[in-house]
Each structure stands twice: as structure tokens, then as C-alpha cells.
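I opened the notebook today to record what I looked up in this structure, entry by entry.

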Amino acid sequence: MKKDKHTGSGIFVLSSPSGGGKTTLVRFMKKKFPDMIYSVSTTSRKPRPGDKNGHDYNFITPVAFRKGIREKKFVEWALVHGNYYGTPESNIKDALKKGKSVLLDLDVKGAMQVKKLFPEAVLIFITAPGIKELRRRIISRGQDDMKAIRRRLLNAREELRKIKYFDFLIMNEEVRDAQKRMAAIYQAELCRVKHGNTPFRLRRTTPFTKKGEGGRI
Ligand code: 5GP
């Protein structure tokens, strides 16, 4: 895979119901855009085989998590499938201070919270095409018992209703295709002209002041 050194500042939030394919896309983005910072969340869930502390998550106890909430350490947090998950405020602020972009992998509630606090954040929803396919994918990864599968699918129905609050939707039928769309969204957003990301000092006048007439910038 060819790495892309495009730099720029922005907040990118990926959300998807279980089985939507978000983890694969996050892995792809980390490799493709090495300049982007991945926001490592804090969670009270137990590490799964292969999970690396400090890399996938910062794993702490529920008691320590609740202490973090009281001390306002998290810019957002949520109870997902019975476990606490939260984003330390410093994850976002430090990345922006360095002029870098930050990628967050959050549940839908977390995404809404981030949008409220940072309206410029780009929210991207990823899903498989339909509940049946989500169910098939959750079962085939073999991580959950029937009770957990049912809970994940119930949550998925709720989450799918919130797509309208997102900026982009990636229908993840074929992984390569989804990766291309994800990279395209990221690259286009970093090319957006917004305050502070241009080396030129733009005057306040618009380039086209009258119909058909060019102005100066
Ligand atoms: P998993 O335990 O399968 O890694 O993640 C379960 C869910 O928690 C996923 O939907 C993931 O996006 C969400 N999640 C992970 N970190 C955070 C976080 O910091 N805040 C919120 N709100 N959700 C998170």
C-alpha cells in the first residue's frame, strides 16, 4: 500500500454498528496516513486476545473509569455493551495543537458528543448493507454468545436510525472499495479551505464580487 504523507488538521470520527467493518478501516487508515494521530480510547472492558494496552485501548477498571469521569478527564464517554469507553480530552487537543488530524473510533453517542463540542468534526458512518449481513458478520467472527449477538443487533437498529446526523456514509460491501471511499473523504476534507490551513493571507472580499467579474483575493 502506498503511504500518503498529506498533512493537515481535522477531527475524523468513525462509527458503525458491530459487524460494520470499522476496525478494518481504522487499521487501513493508520497505515495509509502515518501522519494522522489515532485517538486511543480508555475502556473498562477486559482486553481481548491480541489487544495491546496503550495501543488499542488504555484498559482500566470500572472504578478508575468512574474516577476519570468525576475528574472530567474525558471529552466524551459512553456505556457500550455494558462497558465504559471514553476519549481523553488531551487526545484531540494535543493533535490539533500540533496541526495534525486525529481519528476517533466511537459509538454513535460518542460521535454526537464530539460534534457538539467540535462542530467542524467530520462524522463518518460505516455499515454493512443491512441487518442480515451485520448478523452474519458478527456470528462469523465468533467472539460473542447468542445473548451478546442479540444485544449488538438491537443496538445496531438504534444506531442505523442516527445515520442522518452523520456527514458521510460508507456502505461497506467490498473492503477495497470502502477503503478507497474512506481515503477519498479524508483527503478531500484536508484540502478544504478553512481558517488557518492556507499559507496565503486571504482578504475578506470574495473572489467574485459581481456576476461574471473576478475580484482579488
Ligand atoms: P470494542 O469493545 O468492540 O472495541 O468497541 C465497542 C464499541 O465502543 C465500538 O462501537 C467502538 O466504536 C466504541 N468505542 C470505542 N472507544 C470509544 C470511546 O472512546 N468513546 C465511545 N463513545 N465509544 C467508543
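The entries below go from the whole chain to single residues.

**Model and numbering.** I am working with a predicted model, in which local features need pLDDT of at least 70 and side-chain atom pairs count only at pLDDT 80 or more, while totals for chains, interfaces and linings use all residues. Residues are numbered from 1 along each chain as its sequence is written.

**Overall.** I looked up the secondary structure first and found seven helices and nine strands, taken as DSSP runs (H or I, at least four residues, for helices; E, at least two, for strands) and numbered from the N terminus. Of the 217 residues, 29% are buried, a residue being buried if 20 or more other C-beta atoms lie within 10 Å of its own, exposed if 12 or fewer, and partly exposed in between, with C-beta atoms placed from the backbone. I then took contacts (C-beta atoms, placed from the backbone, within 7 Å) between residues at least 6 apart in sequence, and 65% of them join residues at least 24 apart.

**Helix α1.** In α1, residues 22-32, I noted K22, L25 and M29 as the buried residues. Seen down the helix axis they fall within an arc of 60°, so they line one face of α1; the arc is that of the directions from the axis to the C-beta atoms. The buried residues pack against β1 (10-15), β7 (101-105), β8 (122-127) and α7 (175-190), whereas the face turned away from them carries the exposed R27 and K31.

**Core.** I next looked up the largest nonpolar core, which has 34 residues, with F12, V13 and I124 making the most contacts inside it. Such a core is a set of buried Ala, Val, Leu, Ile, Met, Phe, Trp, Tyr and Cys residues joined through C-beta atoms within 7 Å. The largest share of this core, five residues, comes from β8. Leaving out residues up to four places away in sequence, V13 touches eight residues that I list in full: L104, L106, A111, V114, A121, V122, L123 and I124.

**A111.** Which helix holds A111? I found A111 in α4, residues 108-117, and A111 is buried because 25 other C-beta atoms lie within 10 Å. Its C-alpha atom is separated by 6.3 Å from that of V13, although the two residues are 98 apart along the chain.

**Ligand.** Around the ligand I found 13 residues, of which S41, A78, Y85, D107 and G110 come nearest, counting a residue as near if its C-beta atom, placed from the backbone, lies within 6 Å. β5 (74-80), β6 (83-88) and α4 each supply at least two residues of this shell.

Conventions: Two residues are in contact if their C-beta atoms, placed from the backbone, lie within 7 Å.
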